Amino acid sequence: MVSRAGVQSVVLLLIGGTLIRTAWTGTYVRYVKPGLHWYLIAAGAVLVAVAVVNLVRLYRPAGTDVHAGEHPGDGHGHGHAHGGFEPSWLLVAPALALLLVAPPALGSYAASHGGTALNAAPTSDFPPLPDGDPVRISMLDYAGRAVFDKGRTLAGRRVTLSGFVLADGDRRYLARMVITCCAADARPVKIGLDGAVPPDAAADTWLEVTGTYSPRTDTDPIDGEPVPYLTVTAAHPVAAPKQPYES
């Protein structure tokens, strides 16, 4: 029977493999900032190495480096296996699930239960927008310019934003999660949509919208922060980006 130490090593092996797999496939950006890529690989490699070393020590062939008078198995003269179910095996299931199934990035459910992350946006010293018509900017940049700069640097310009749909009755918002380190500290930035908004845009649908500044605002019912609006002139669905979060 596999010992508790053996089960713990298997769990370490699965967790390490999960870290390496998510970093290798790029799905790690659903959970942490892109800059942590190599840290995840290093951490996963260490966990795999520790697990392999422990498993080799636990299950090396009988008679290998065993002290005289002891039987292979537990080092104390008890080589027989104890019957019964080992509860620590229950730890393997979630570790195996994480290895096989990558959870999706946070979406409209998390956004609808979090107050807008407007306090993460710059509050002053807004430079002119880059050249281009329209110009692509981040959700957080637009929200900061619309609220704290009163739209002055947005006047007369068309901007393009991308995010997922957040539905509230008949109203539609564009939202995107903002992270500092990882998904655990994620908060949404929300922008209301006026104008040419697709009426059938379902929650969690990713949209690329182009429009102009609107002076309209809502108040977020969760934290009382203002939610700016964009007057949409064009919108179309897009695939979810490889990096779904802003930071």
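So, secondary structure to begin with: in this predicted model, the chain has 5 helices and 6 strands. If you walk along the sequence, the order is α-α-α-α-β-α-β-β-β-β-β. Keep that pattern in mind, since I'll go through the helices, then the cores, then a few individual residues.

A few overall values before that. The chain has 247 residues, and 36% of them count as buried. Its accessible surface is about 13500 Å², with 61% of that belonging to carbon and sulfur atoms. As for contacts, take those with a separation of 6 or more: 71% of them are between residues 24 or more positions apart.

Now, the helices. Two packed helices are described by the angle between their axes and the distance between the axes. Let's do that for two pairs, both involving helix H1.

How do H1 and H2 pack? Helix H1, residues 4–25, meets helix H2, residues 37–58, at an angle of about 155°, and the axes are 7 Å apart. The cut-off for roughly antiparallel is over 145 degrees, so H1 is roughly antiparallel to H2. The crossing of H1 past H2 is left-handed.

There is a nice residue to click on here, Arg-57, which lies in helix H2. Along the sequence, Arg-57 is 51 residues from Gly-6, yet in space the C-alpha to C-alpha distance is 9.8 Å. Is Arg-57 buried or exposed? Its relative accessibility is 57%, so Arg-57 counts as exposed.

The other pair is H1 with helix H3, residues 92–100. Here the angle is about 20° and the axes are 9 Å apart, so H1 and H3 are roughly parallel to each other. This crossing is left-handed too. Which residues make the contact? From H1 we have Val-7, Val-10, Val-11, Leu-14, Ile-15, Gly-17, Thr-18 and Arg-21. From H3, the partners are Val-92, Ala-95, Leu-96, Leu-98, Leu-99 and Leu-100.

On to the nonpolar cores. The largest one holds 26 residues, and the members that touch the most others are Ile-137, Tyr-142, Val-159, Leu-161 and Leu-230. Which elements supply at least two residues each? They are helix H5 (139–148) and strands E2 (159–168), E3 (171–178), E4 (187–195), E5 (206–219) and E6 (226–237). H5 gives the most, with 6 residues.

Leu-230 is a good place to look around in this core. Leaving out neighbours within four places in sequence, Leu-230 is in contact with Tyr-142, Val-159 and Leu-161, among others. The list also includes Ile-191, Gly-192, Leu-193 and Asp-194, and further along Val-209, Gly-211, Thr-212, Tyr-213 and Ser-214. Alongside that core, there is a second, separate one of 13 residues, including Ile-179, Ala-186, Val-227 and Tyr-245.

While we're in the strands, have a look at Pro-188, found in strand E4. With a relative accessibility of 1%, Pro-188 counts as buried. What does Pro-188 touch, beyond residues up to four places away in sequence? The answer is Ala-111, Gly-114, Gly-115, Thr-116, Ala-117, Arg-176 and Met-177. Met-177 is 11 residues from Pro-188 in sequence, with the two C-alpha atoms 4.2 Å apart.

Last topic: backbone geometry. Most residues other than glycine have a negative phi, and most peptide bonds are trans. Here are three places to check against that.

The peptide bond joining Asp-133 and Pro-134 is cis, with omega about 0°. Pro-134 sits in the loop between helix H4 (108–112) and strand E1 (135–136).

Then there are two positive phi values. Lys-150 has phi near 55°, and this residue is in the loop between H5 and E2. Lys-150 counts as exposed, at 56% relative accessibility. Asp-204 has a positive phi as well, about 80°, although it is not a glycine. You'll find Asp-204 in the loop between E4 and E5. With a relative accessible area of 41%, Asp-204 is partly exposed.

That's my tour, and I'm happy to take questions!

Note on methods: Residues are numbered from 1 along each chain as its sequence is written. This is a predicted model: local features need pLDDT of at least 70, side-chain atom pairs count only at pLDDT 80 or more; totals for chains, interfaces and linings use all residues. Side-chain values use heavy atoms; hydrogens and water are left out. Helices (H or I, at least four residues) and strands (E, at least two) are DSSP runs, numbered from the N terminus. Buried means under 20% relative accessible area, exposed over 50%, partly exposed in between (1.4 Å probe, protein chains only). Contact means heavy atoms within 4.5 Å. Accessible areas come from the Shrake-Rupley method with a 1.4 Å probe; for residues, only the protein chains shown count as cover. A nonpolar core is a set of buried Ala, Val, Leu, Ile, Met, Phe, Trp, Tyr and Cys residues joined through side-chain atoms within 4.5 Å. Axes are lines fitted to C-alpha atoms, for helices over the stretch in contact, and angles run from 0 to 180 degrees between N-to-C directions. Angles under 35 degrees count as roughly parallel, over 145 as roughly antiparallel, 65 to 115 as roughly perpendicular and the rest as oblique. A crossing is left-handed if the near helix is turned anticlockwise from the far one by less than a right angle, and right-handed if clockwise.
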